[in-house]
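Hi,

Here is the structure I promised to pass on. Please have a look at it first, and then read my notes below.

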Amino acid sequence: MTSKMKVAQISKPGGAFELVEREIPEPGAGQVRVKVEACGICHSDVLVKEGLWPGLQYPRVPGHEIAGRVDTIGSNVVEWKKGQRVGVGWHGGHCFVCAQCKRGDFAMCVNRKVTGLDFDGGYAEYMIAPAAALAAIPDELPAEEAGPFMCAGVTVYNALRNSGARGGDVVAVHGIGGLGHLGVQYARQMGFVTVALGRGKDKEALAKKLGAHRYIDTDAADAVAELQKLGGARVILATAPNAKAISGVVEGLSPNGNLLVPAAPNDPLTVSVLSLIMGRRSVSGCYSGTAKDSQDTLEFSAVTGVHPMIEKYPLSRAADAYEQMHSGKVRFRVVLTMEE
Ligand SMILES: [Zn+2]
Ligand SMILES: [Zn+2]
């Protein structure tokens with residue numbers, strides 16, 4: 001085996017992707033080396049590209065939607081074996097000793113690490129990950145599908161399963177994009193009356209194919225009135241990165257309804273607090289999940305037949321792949337693959 005690997009790195013805030021050779025790194029105690037097979041491109045990779053993450057050190061290899069195989073195991077790793085298929089997501093490990101970790105809430109660890117931000121991620125042939133950040137990939141999931149489940153997938157899956165909605169409740173997914181196209185599938189498979197909210201008539205057929213029982217074209221109809229005809233939505237999963245559009249659907253919630261926001265729009269939301277009070281409604285942020293949450297996402301997706309819609313690019317075209325992601329033209333997730 002050669003001792004070199006290819007990576008796509010960013011060297012400074014606003015810098016271009018550079019395809020460079022590096023030494024293949026060795027895992028330390030509690031770590032494994034993953035031979036990357038696929039890595040999804042997430043909107044939040046912009047944090048590395050443009051230097052928007054506090055304390056980020058360059059050069060940095062982005063990428064936190066990783067699927068591959070355990071290649072080498074460091075000391076003190078007992079649960080993983082060489083050759084095992086694993087995913088690594090946004091949650092890149094935790095300290096086990098802070099107050100949140102002592103409560104078992106590892107995602108809220110005050111010393112948590114983020115893959116591809118705090119350490120090098122998956123735009124690479126190999127990467128090093130803490131053993132505590134690994135999820136096992138079921139055999140039936142190909143790597144290029146497992147990758148996007150490690151951030152986009154787990155974020156919406158966790159948001160929905162922890163939302164308090166029960167089977168039969170109305171759950172609306174606002175926006176049919178990278179997160180939303182998975183959100184519609186999960187909402188349907190979790191037994192919710194699934195309503196997709198999108199812009200334009202042309203998204204209706206796709207939304208229904210993904211499992212939506214109903215589609216509301218927000219350009220043509222009053223989304224709030226349409227949702228209220230159904231009794232209001234117990235949950236609205238707001239995936240469209242548009243603060244004005246998100247703010248505009250809050251009154252479509254039922255009493256005790258919850259607007260879940262898994263991705264950050266650039267602008268603040270504008271919400272009538274009186275409407276929150278009178279309907280006992282809430283607005284909540286959704287934070288990714290731990291490795292076990294990701295593994296649950298992978299397993300649920302495999303048994304229920306949830307699939308990401310992807311466009312594949314080789315690692316050597318990381319810059320094009322990233323542009324495609326940010327152009328908004330992608331349907332719906334761009335995935336880098338390590339085979340040319
Ligand atoms: Zn992400
Ligand atoms: Zn901790």
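What follows is a short tour of the zinc site, the nonpolar core and the aromatic rings.

This is a predicted model, with local features needing pLDDT of at least 70, side-chain atom pairs counting only at pLDDT 80 or more, and totals for chains, interfaces and linings using all residues. Residues are numbered from 1 along each chain as its sequence is written, chains are lettered from A and ligands numbered from 1 in the order in which they are written, and side-chain values use heavy atoms, leaving out hydrogens and water.

The zinc ion (ligand 1) is held by Cys42 (SG), His64 (NE2) and Cys151 (SG) at 2.0 to 2.2 Å. Donors here are N, O and S atoms within 2.8 Å of the metal (3.2 Å for Na, K and Ca), and with water not among the atoms, sites may look incomplete. Both His64 and Cys151 are buried (under 20% relative accessible area, 1.4 Å probe, protein chains only).

The largest nonpolar core (buried Ala, Val, Leu, Ile, Met, Phe, Trp, Tyr and Cys residues joined through side-chain atoms within 4.5 Å) has 45 residues, and Trp80 and Tyr123 are among those touching the most other members.

As for rings (Phe, Tyr and the six-membered ring of Trp, paired if their centres lie within 6.5 Å), there are seven aromatic pairs. Tyr157 and Tyr186 meet edge-to-face (planes over 60 degrees apart), at 5.3 Å centre to centre and 65° between the planes. Tyr157 is buried at 7% relative accessibility, and Tyr186 at 0%. Ring pairs also join Phe17, Tyr123 and Tyr322 into a cluster.

Best wishes

Key:
Buried means under 20% relative accessible area, exposed over 50%, partly exposed in between (1.4 Å probe, protein chains only). Rings of Phe, Tyr and Trp (its six-membered ring) pair if their centres lie within 6.5 Å; planes under 30 degrees apart count as stacked, over 60 as edge-to-face and the rest as tilted.
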